[in-house]
Amino acid sequence: MEFIENYNLTGLLIGICTFLIIGLFHPVVIKCEYYFGTRCWWVFLILGVIGVGGAFWVSQIFWSSLLGVFAFSSFWTILEIFEQRDRVKKGWFPMNPKRKGEYNTKE
């Protein structure tokens, strides 16, 4: 951490890690909706609350920032899981054949 602070790389490293965290959540949304549907939203709520608590608890700005990014990416994932269900209904993503009954196709 001393090297990063001496060369003022904290902001750049936070940006790179933010990009990676958000990029990680995209396939997680797709896979979670495919295998579990929207019923797994509460897992991301718990992860978000833990991330917020961790961001308050950790005193180093780098780790606190990353925990905050993780927390709010988890919260955003709740919305994205429900939107992913709509994208599956539109045929943009594959539907899990084991859960066909969960998709209302009469809309």
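**Group meeting: a four-helix predicted model**

Okay, let's start with burial: of the 107 residues in this protein, 34% count as buried, where buried means under 20% relative accessible area, exposed means over 50%, and partly exposed is in between, with a 1.4 Å probe and protein chains only. Bear in mind that this is a predicted model, so local features need pLDDT of at least 70 and side-chain atom pairs count only at pLDDT 80 or more, while totals for chains, interfaces and linings use all residues. Residues are numbered from 1 along each chain as its sequence is written, and side-chain values use heavy atoms, with hydrogens and water left out.

On to the fold. We have four helices and zero strands, in the order α-α-α-α along the sequence. Helices here are DSSP runs of H or I with at least four residues, strands are runs of E with at least two, and both are numbered from the N terminus.

What about the overall dimensions? The C-alpha trace spans about 60 × 25 × 20 Å along its principal axes. The radius of gyration is 17 Å, whereas a compact globule of 107 residues would come in near 13 Å. That radius is taken over C-alpha atoms, and the globule rule is 2.2 Å times the number of residues to the power 0.38.

Now contacts, meaning heavy atoms within 4.5 Å. If you take contacts between residues at least 6 apart in sequence, 67% of them join residues at least 24 apart.

The surface next. About 7500 Å² is exposed, and carbon and sulfur atoms supply 69% of that; the areas come from the Shrake-Rupley method with a 1.4 Å probe, and for residues only the protein chains shown count as cover. As for charge, there are 10 positive and 8 negative charges, and their mean positions sit 15 Å apart. Lys and Arg count as positive, Asp and Glu as negative, with His and the chain ends not counted. Each charge is placed at NZ of Lys, CZ of Arg, CG of Asp or CD of Glu.

Let's get to the rings. A pair of aromatic rings is described by the distance of the centres and the angle of the planes. Rings of Phe, Tyr and Trp (its six-membered ring) pair if their centres lie within 6.5 Å; planes under 30 degrees apart are stacked, over 60 edge-to-face, and the rest tilted. How many aromatic pairs does that rule give? It gives four. One of them is Phe25 with Phe70, a tilted pair at 5.7 Å centre to centre and 55 degrees between the planes. Phe25 lies in helix α2 (residues 10-36) and Phe70 in helix α4 (residues 61-89), so this pair ties together parts that are 45 residues apart in sequence. Phe25 is buried, at 8% relative accessible area, while Phe70 is partly exposed at 29%. Then there's Tyr34 with Tyr35: ring centres 5.0 Å apart and planes at 85 degrees, so that pair is edge-to-face. Tyr34 is partly exposed at 25%, and Tyr35 is partly exposed at 45%.

Staying with α2 and α4 for a moment: Gly11 is in helix α2 and counts as exposed, at 55% relative accessibility. Between Gly11 and Phe62 there are 8.3 Å, C-alpha to C-alpha, with 51 residues of sequence separation. Trp63 belongs to helix α4 and is partly exposed, at 42%. Its C-alpha is 8.8 Å from that of Ile14, 49 residues away in sequence. Leaving aside neighbours within four places in sequence, Trp63 is in contact with Met1 and Val58.

Last stop, the segment after α4. Lys98 or Arg99: which one is buried? That would be Arg99, at 6% relative accessible area; Lys98 is exposed at 79%. Both Lys98 and Arg99 lie in that segment. Not counting residues up to four places away in sequence, Arg99 touches Glu33, Tyr34, Tyr35, Phe36, Gly37 and Arg39, and you'll recognise the edge-to-face Tyr34 and Tyr35 in there. Arg99 and Asn8, 91 residues apart in sequence, are separated by 50 Å, C-alpha to C-alpha. For Lys98 and Leu67, 31 residues apart along the chain, the C-alpha separation is 35 Å.
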